[in-house]
Amino acid sequence: MVSSPYKMKIKPIIYTTSKDLEWVKEECEKAIPVMETSPYVQVEEFTVLYLDPKKVVPVTYIDSEGVRKIAFGWFETYLSDTAKLMGFNMVGYHFSKEERNNWDLDENFNGMYWTDSNDSYEFWVCADKGEWSPINRSDLPQFYRILLHEVAHGFTHFSKRREELISKYKLDKYKDDYYRLPTHYFDYVKRDIEAIFPEISFEQWSLKKYLRSLLEQLLEMLLLKKAAQKETEEDY
Ligand SMILES: [Zn+2]
């Protein structure tokens, strides 16, 4: 195996409706060393930005099962596209239960990760300051646990390790697609969301980046050679 210097470099931003930015920042900072237990991953400091929930109200819709959710198009246009201009590739939106209630979002959902074809991590987290995860699941703060949960969905997606983990933990035994997802198995069955991260290696992702850069260099060399030939031909 070629050892490659490429790491999945994550530059995260969290938009929050909490005025206590320090609290949000502290919870996010605790998540960094855990995320970095995934091989070939590097996470920069979190940027945390306040969004006034009275001024910024997400567009919502009701899905085919009657559940009201945040419209991804709205999220992408207003939150991710703007953040991408600043180089962020992980965009989270945090709000309190009060906001979830005011915006009529389904109370059974504490977070959601959007898996799509773009190259950013995009999700939302609903948790209150001082709120702990439900009893009998874990002793983690709710914000911290949901943050890691949504990030884990992104990690299994971008590392392309989901099917491998499904097979390793024999998650096919679950008829329900929900528990077949490695993130849900680690959070709800093993009750240890932190433990999924060392399992998700970005080595293959890294190798792919490395090969791609070699091909790009080769292509550049060929194009330069061709340009040089053309110049020489024109000299005569
Ligand atoms: Zn989930």
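1. Let's start with methionine 90 in this predicted model. Setting aside residues up to four places away in sequence, methionine 90 has contacts with Ile10, Lys11, Pro12, Ser120 and Tyr121. Methionine 90 belongs to strand S7. Is methionine 90 buried or exposed? With 22 other C-beta atoms within 10 Å, methionine 90 counts as buried, because the cut-off for burial is 20 or more. A pairing of distant positions is also worth a look here: methionine 90 and aspartate 119 are 29 residues apart along the chain, yet their C-alpha atoms are separated by 9.1 Å.

2. Now the sheet that holds S7. Five strands make up an open sheet in the order S4-S2-S7-S9-S8, and the pairing is mixed. The edges are taken by strand S4 (47-50) and strand S8 (111-113); each has a single partner strand, so one side of each is left without a neighbour in the sheet. From one strand to the next, the twist averages 15°.

3. The pairings are easy to follow on screen. Strand S2 (residues 12-16) pairs with S4 in the parallel sense over four bridges, and valine 48 in S4 is the bridge partner of isoleucine 14. S7 and S9 also run parallel, joined by six bridges. S8 and S9, by contrast, run antiparallel, with three bridges between them. Tryptophan 124 in S9 is a handy landmark: this residue is the bridge partner of tyrosine 93 and also of methionine 112.

4. How many of the residues of S9 are buried? Six of its six residues are, so to speak, under cover. Tyr121, Phe123 and Val125 point one way from the strand, while Glu122, Trp124 and Cys126 point the other way. I would pause at Glu122, which is among these buried residues.

5. Two helices deserve a look against the sheet. Helix H2 (residues 72-85) packs on the sheet and touches S2, strand S7 (90-95) and strand S9 (121-126). The direction of H2 makes about 125° with that of S7. Helix H4 (residues 142-158) lies across S7, S8 and S9, and runs at about 155° to S9.

6. Helix H1 (residues 21-35) has the length one would expect: at 1.5 Å a residue, its 15 residues should span 21 Å, and the end C-alpha atoms are indeed 21 Å apart. The buried residues of H1 are Val24, Glu27, Cys28, Ala31, Val34 and Met35. Viewed down the axis, they fall within an arc of 100°, so they line one face of the helix. Their cover includes S2, strand S3 (41-43), S4, S7 and H4. Exposed residues Glu22 and Pro33 sit on the face turned away from the buried side.

7. Last, the core. In soluble globular proteins, nonpolar side chains tend to be buried together. Here the largest nonpolar core has 47 residues, and Val125, Leu147 and Leu148 have the most contacts inside it. Strand S1 (8-10), S2, H1, S3, H2, S7, S9 and H4 each give two or more residues to this core. Which element gives the most? H4 does, with eight residues. Valine 125 is a good place to see the packing: leaving out residues up to four places away in sequence, valine 125 touches Gly92, His94, Gly111, Phe143, Ile146, Leu147 and Glu150.

Key:
Residues are numbered from 1 along each chain as its sequence is written. This is a predicted model: local features need pLDDT of at least 70, side-chain atom pairs count only at pLDDT 80 or more; totals for chains, interfaces and linings use all residues. Two strands pair if DSSP finds at least two bridges between them. Axes are lines fitted to C-alpha atoms, for helices over the stretch in contact, and angles run from 0 to 180 degrees between N-to-C directions. Two residues are in contact if their C-beta atoms, placed from the backbone, lie within 7 Å. The expected span of a helix is 1.5 Å times one less than its number of residues. A residue is buried if 20 or more other C-beta atoms lie within 10 Å of its own, exposed if 12 or fewer, and partly exposed in between; C-beta atoms are placed from the backbone. The arc is that of the directions from the helix axis to the C-beta atoms. A nonpolar core is a set of buried Ala, Val, Leu, Ile, Met, Phe, Trp, Tyr and Cys residues joined through C-beta atoms within 7 Å.
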